[in-house]
Amino acid sequence: NYLSFYISVSIFTFFHAFRNKYDRIFVHLTSPFFVGLAAVHLKKRQKIPLLFWTLDLWPESISSASSIKSPYIINPINKMVCYVYNNCDKILIGSKGFASSICAKGNYKDKLVYFPNWSEYNSNESDNIANIPLIEPFVSKKEDDFIVLFAGNLGEAQNLDSVIQTAVILKENKNIKFVFIGDGRKKEYLLNIVKQYNLDNIVYFTGRFPIETMPSFMKESDVLLVSLKDEHCFNLTVPSKVQFYMSQAKPILGMLNGDGADLIHEAHCGLAVKAGDYNALSESIKKLYKMPKEELIKLGKNGKEFYDANFQKSQRMHQLNKLLED
């Protein structure tokens, strides 16, 4: 998939560049990194500046999120990454922790610009629960129910096995429910674990929904969960869902290390435990479950205020316009 995309986008860019002249190139990099090669080709042909917004560290992420460890694969990818960075005029980073990894590859310090994510939908834009389908456990939620919501990719990097182990520990408390919105390569595996431990009445996999419905789901939840594996590249990452969660004015519960956990602590918007520590996660959930609603509201408000001060879309657009002009 990564290679075929690179081939197709390179062919498209090659012919497209004959008919069109541009002023700047802006790359939004989640994955794959190979898109950067096509951007460099266009930069060299038209002799224009290249701004590269990296939200995914390569080759670290590909070795952490998959079984690819061979130096015969990783080393060439690392050379490709350096080639792209060498040809960038600015390297925008979604997390401050990315700086150490990128600078370890070369002298790129003067190119780096902190450019974090934002949320397209905040808690003020969707106040009507009717715009989401009627699904469990929201439609049957009782006053004492406490819903822990995870929204996003159900993949290897998210370490959701540990979250299910937390559900096993808390299974006797039927009021604490775990809801997973999204899809991914680990979903079937996680469903099998849920079945194995008879967790069907407290763990729910709803499938995928449009992002614009997320504020409605989150409004009906009590705490929003973010989780990552204990890998070096993930410890340098602030998942984009953290900013999204903050914008929803709900408490955040993190099971991750590094920059993501630090941000939760800095904003005083929830609790964070070490990656993979499902015992500590269960204790944190119990603490939040017993917390007065006024304190939960305060945590959510802290996150929203921090988001408004640091991560609004209008701030990023102003910053990006200035970068493009410069």
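**Stop 1: Ala249 and helix α10**

Start by selecting Ala249, which comes after helix α10 and has a positive phi, near 60 degrees. Keep in mind as you click around that this is a predicted model.

Now step back along the chain and select α10 itself, residues 240-247. Is this helix mostly covered or mostly out in the open? Mostly covered: seven of its eight residues are buried. To see them, show Lys241, Val242, Gln243, Phe244, Tyr245, Met246 and Ser247.

What does the covering? Colour β5 (146-151), α8 (214-219), β8 (223-227), β9 (252-255), α11 (259-267) and α13 (293-310), which are included in what covers those buried residues.

Stay with Met246 for a moment and show what surrounds this residue. Leaving out residues up to four places away in sequence, Met246 touches Ile252, Leu263, Ala267, Cys269, Gly303, Lys304, Phe306, Tyr307 and Phe311.

**Stop 2: the cores**

Met246 also leads you into the largest nonpolar core, a group of 73 residues. Which of its members touch the most other members? They are Phe33, Ile102 and Met246, so select these three together. Next, pick helix α4 (residues 71-86), which gives the most to this core, with seven residues.

Another core, of 32 residues, lies apart from that one. Select Phe178, Phe180, Leu199 and Leu281, which are among its members.

**Stop 3: the six-stranded sheet**

Switch to a cartoon view and look for an open sheet of six strands, with parallel pairing. In what order do the strands come? Read across the sheet: β7-β6-β5-β8-β9-β10. The edges are β7 (203-207) and β10 (270-273); each has a single partner strand, so one side of each is left without a neighbour in the sheet. Look along the sheet and you can follow a twist that averages 20 degrees from one strand to the next.

Now zoom in on β8. How many of its five residues are buried? Five, so to speak the full set. Turn on the side chains: Val223, Leu225 and Ser227 point one way, while Leu224 and Val226 point the other way. Here is the general pattern to remember: in a regular strand the side chains alternate between the two faces of the sheet.

Then visit the neighbours of β8 in turn. On one side, two bridges join β5 to β8, running parallel, and Val148 has Val223 as its bridge partner in β8. Four bridges join β8 to β9, again parallel, with Ile252 in β9 as the bridge partner of Leu224. You have met Ile252 before: this residue is touched by Met246.

Carry on to the edge. Four bridges link β9 with β10, and these strands run parallel too. Select Met255 and Val273 to see one bridge pair, with Val273 sitting in β10. Finally, add α11, which lies across β8, β9 and β10 and runs at about 150 degrees to β10.

**Stop 4: the four-stranded sheet**

Go over to the other open sheet, where four parallel strands come in the order β1-β2-β3-β4. Which strands are at the edges? They are β1 (25-29) and β4 (112-114), each pairing on one side only. The twist here averages 20 degrees from one strand to the next.

Select β1 together with β2 (residues 50-54): this parallel pair is held over five bridges. For one of them, show Leu29 and its bridge partner in β2, Thr54.

Two helices that pack on this sheet are worth adding. Helix α2 (residues 35-46) touches β1 and β2, and its direction makes about 175 degrees with that of β1. Helix α14 (residues 313-325) touches β1, β2, β3 (90-93) and β4, with its direction at about 160 degrees to that of β4.

**Stop 5: zoom out**

Show the whole protein, with its 14 helices and 10 strands. How does it compare with a globular protein of its length? The radius of gyration is 21 Å, close to the 20 Å that the globule rule gives for 326 residues, so the protein is as compact as a globular protein of that length. Its C-alpha atoms fill a box of roughly 65 × 40 × 35 Å along the principal axes.

Try colouring by burial: 54% of the 326 residues count as buried. Then switch on the surface, where the protein exposes about 15,800 Å², with 53% supplied by carbon and sulfur atoms.

Notes. Residues are numbered from 1 along each chain as its sequence is written. This is a predicted model: local features need pLDDT of at least 70, side-chain atom pairs count only at pLDDT 80 or more; totals for chains, interfaces and linings use all residues. Side-chain values use heavy atoms; hydrogens and water are left out. Buried means under 20% relative accessible area, exposed over 50%, partly exposed in between (1.4 Å probe, protein chains only). Contact means heavy atoms within 4.5 Å. Two strands pair if DSSP finds at least two bridges between them. Axes are lines fitted to C-alpha atoms, for helices over the stretch in contact, and angles run from 0 to 180 degrees between N-to-C directions. The radius of gyration is taken over C-alpha atoms; the globule rule is 2.2 Å times the number of residues to the power 0.38. Accessible areas come from the Shrake-Rupley method with a 1.4 Å probe; for residues, only the protein chains shown count as cover. A nonpolar core is a set of buried Ala, Val, Leu, Ile, Met, Phe, Trp, Tyr and Cys residues joined through side-chain atoms within 4.5 Å.
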